[in-house]
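Trainee: Got a minute to walk me through this one? I haven't looked at it before.
Mentor: Sure, let's pull it up.

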Amino acid sequence: MLDLDREFGGFQNYLRKQGEFWATVADMRKRFKHVGDFGAYYFLYVVGEPVPEHGEFRAKLKGEA
């Protein structure tokens, strides 16, 4: 978190600079070893970031979308 704070000037700036949802999820999975797809989805939802509808998200994870 401290590295992100130094690199982006805050966690919110980090989230804003990631771009679309799936790019943010991929980067969070890389940076935070205990965060998976659903954990990233839920976190982003809770903090008010735009996320796809839950059914669409689950379908993509299952390879249906």
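**Two helices, then one aspartate**

Mentor: Keep in mind that this is a predicted model. Start where Asp 37, Phe 38 and Tyr 41 of α4 meet His 54, Phe 57 and Leu 61 of α5.

Trainee: OK, and how do the residues of that contact divide into nonpolar, polar and charged?

Mentor: There are 4 nonpolar, 1 polar and 1 charged in the contact of α4 with α5.

Trainee: Which residues do the two helices span, and at what angle do their axes cross?

Mentor: Helix α4 covers residues 37-46 and helix α5 covers residues 54-61. Their axes come within 12 Å and cross at roughly 160 degrees.

Trainee: So are α4 and α5 roughly parallel or roughly antiparallel?

Mentor: Roughly antiparallel, because an angle over 145 degrees counts as that, and theirs is roughly 160 degrees.

Trainee: Is the crossing left-handed or right-handed?

Mentor: Right-handed, as α4 passes α5.

Trainee: Switching topic: where does Asp 27 lie?

Mentor: You'll find Asp 27 in helix α3, which runs over residues 21-31.

Trainee: Buried or exposed?

Mentor: Asp 27 is buried, since its relative accessible area is 11% and the cut-off for buried is under 20%.

Trainee: Which side chains does the side chain of Asp 27 make polar contacts with?

Mentor: One polar contact goes to the side chain of Tyr 14, at 2.6 Å. Another goes to the side chain of Arg 31, also listed at 2.6 Å.

Trainee: And leaving aside neighbours within four places in sequence, what is Asp 27 in contact with?

Mentor: That would be Tyr 14 and Gln 18.

Terms used: Residues are numbered from 1 along each chain as its sequence is written. This is a predicted model: local features need pLDDT of at least 70, side-chain atom pairs count only at pLDDT 80 or more; totals for chains, interfaces and linings use all residues. Side-chain values use heavy atoms; hydrogens and water are left out. Axes are lines fitted to C-alpha atoms, for helices over the stretch in contact, and angles run from 0 to 180 degrees between N-to-C directions. Helices (H or I, at least four residues) and strands (E, at least two) are DSSP runs, numbered from the N terminus. A crossing is left-handed if the near helix is turned anticlockwise from the far one by less than a right angle, and right-handed if clockwise. Contact means heavy atoms within 4.5 Å. Ala, Val, Leu, Ile, Met, Phe, Trp, Tyr, Cys and Pro count as nonpolar, Asp, Glu, Lys and Arg as charged, and the others, Gly among them, as polar. Buried means under 20% relative accessible area, exposed over 50%, partly exposed in between (1.4 Å probe, protein chains only). A polar contact is a pair of N or O atoms within 3.5 Å; within protein, one must be able to donate a hydrogen and the other to accept it, and residues adjacent in sequence count only if both atoms are side-chain atoms.
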